[in-house]
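Take a walk through this model, from the protein pair to the DNA. Keep the structure in view as you read.

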There are 2 protein chains.
Amino acid sequence: MTTDTEARERVLEAADRLFYAKSAHAVGMDELRTEAGVSLKKLYQLFAGKEALVEEVLRRREEAITAATMKYVLRASTPEDQILAVFDWMADSSGTTDFRGCAFINSYAELGPSSERVTAVVRHQKTGVRGAIAAMVAATGRPEWVADSIFLLFEGAMTNTAITVSSEPARQAQTAARFLLEKTA
Amino acid sequence: MTTDTEARERVLEAADRLFYAKSAHAVGMDELRTEAGVSLKKLYQLFAGKEALVEEVLRRREEAITAATMKYVLRASTPEDQILAVFDWMADSSGTTDFRGCAFINSYAELGPSSERVTAVVRHQKTGVRGAIAAMVAATGRPEWVADSIFLLFEGAMTNTAITVSSEPARQAQTAARFLLEKTA
DNA sequence: TACAGTAGAGAACGAGCGTTCTCCACAGCA
DNA sequence: TGCTGTGGAGAACGCTCGTTCTCTACTGTA
């Protein structure tokens, strides 16, 4: 006997994994139901529909990624190393074979230009990793454009790490970021 | 009376526009047929199927983008300005409301991890704009990591320009690239 | 034992997809 | 005028999807 909360958790976990791996439109509610071990009826009791589920998954993923990168950040000692630590997280993550880049960009890509889901994607750009980088760079007293640049390196490396299936782009981006930080010291 | 070549051209033009705007899976063959003004029969005479059409569209888009950026590049005088000119192209392109980022990343995003189409996407990473940037940077005698960094800035700016619907990321990336070039002079 | 209520399994439904097939109008030619 | 072949319009087919509905099994209670 499982509570609704447990079932909900299992669904969200399975949805996050499958949506990220195959993209949302390629995952059917039936496959999801099987993977989560939940009846179709309960699935629709817990979530209004597929779109609502996708949005919830994106919301949680934002938190999860921020938390994951923060674990790397907090391990570093100097402010500069903390900023560079997000690329360590990326390089390590690319080791897992199912790394598929930024879930928000991927989600944007499979959407039409006008969609409700775009809202969540755009919001992610303001908060999450971008916000963390901006805060850390500001704390070192460097100008805002340095943070913008490092975030663009981050995003570029995310997509290229996924496509090339290697940690090389993450390392390249880290090198560039380190250079930026050194020359703006 | 239209020849097969003309019909083929119309189909590819419409497919490129629609696929890019809505993503390939969201565009039906029937919509495409209507848009191109071609019978369904002829459509399947000209192309083996939807997947073949998508691959052909990606192939042509690679050429088109390279050509478009080259127009900006050749207008600049110094080698450094030539490199930075690709960001001018991006900033200008973002002005058109239907700018949706890098078609290859978008295509990757809507695909499963193992797909034939990934081949075309990966190939694009080696040639196209990346190749052009690499060649231009090498011509200035700067190390390879500078080219890698500028390409990552380019890719990051492509996605963020699309999501934020503004030319700001393109300008931010250009600023960073200029900084990199100046400090490695 | 009888009964009310719940939950699960999966059938069913309507829509949309890629692809194929049918039908018909019309051209060129004897 | 007949015949043949070509091409277009769109109906049809088989499939998958998101969502809903039906039926059945089972639980707790008197």
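Ala, Val, Leu, Ile, Met, Phe, Trp, Tyr, Cys and Pro count here as nonpolar, Asp, Glu, Lys and Arg as charged, and the others, Gly among them, as polar. With that split, the residues of the surface near DNA strand C come out as four nonpolar, three polar and three charged. Bear in mind that this is a predicted model.

Which residues surround DNA strand C? Chain A offers S39(A), K41(A) and K42(A). Chain B offers V27(B), G28(B), M29(B), L40(B), Y44(B), G49(B) and K50(B). Of the atoms of DNA strand C that come within 4 Å of the protein, 55% belong to sugar and phosphate.

Two helices share in this surface. They are α3 (40–46) of chain A and α3 (40–46) of chain B, and each supplies at least two residues near DNA strand C.

Now look at the phosphates. V27(B) has a backbone N or O atom 3.3 Å from a phosphate oxygen of DNA strand C. For M29(B), a backbone N or O atom lies 2.7 Å from a phosphate oxygen of that strand. K50(B) uses its side chain instead: an N or O atom there is 2.3 Å from a phosphate oxygen of DNA strand C.

The UniProt record adds an annotation. In an unreviewed entry, it lists residues 28–47 of chain A as "DNA-binding region". Over residues 28–47, chain A is 75% helix and 0% strand. The end C-alpha atoms of this stretch are 15 Å apart.

Turn next to the two protein chains. Two copies of a chain are related by a rotation about an axis and a shift along it. Here, a rotation of 180° with 0.0 Å of shift along its axis superposes chain B on chain A, with an RMSD of 0.0 Å. The two copies are therefore related as by a two-fold rotation axis. Which residue of chain B comes closest to the rotation axis? That is G156(B), whose C-alpha lies 1.9 Å from the axis.

How do the copies meet? Chain B puts 40 residues into the contact, and chain A puts in 40 residues. Of the interface residues of chain B, 100% are also interface residues in chain A, so the copies meet through the same surface. Between them, chain B and chain A bury about 3400 Å², 67% of it on carbon and sulfur atoms. Three residues stand out on chain B. Y108(B), L152(B) and I163(B) supply 21% of the area that chain B buries against chain A, more than any other three residues.

How values were computed. Residues numbered from 1 in each chain as written. Chains lettered and ligands numbered in written order. Predicted model: local features only at pLDDT ≥ 70, side-chain atom pairs only at ≥ 80, totals over all residues. Heavy atoms only, no water. UniProt positions renumbered as here; feature names shortened; annotations may be inferred. Helix = DSSP H or I, 4+ residues; strand = E, 2+ residues; numbered from the N terminus. Near = heavy atom within 4 Å. Polar contact = N/O pair within 3.5 Å; in protein donor to acceptor, adjacent residues only side chain to side chain. Least-squares fit on C-alpha atoms with pLDDT ≥ 70 in both. Contact = heavy atoms within 4.5 Å. Buried area = accessible area lost by both parts, 1.4 Å probe.
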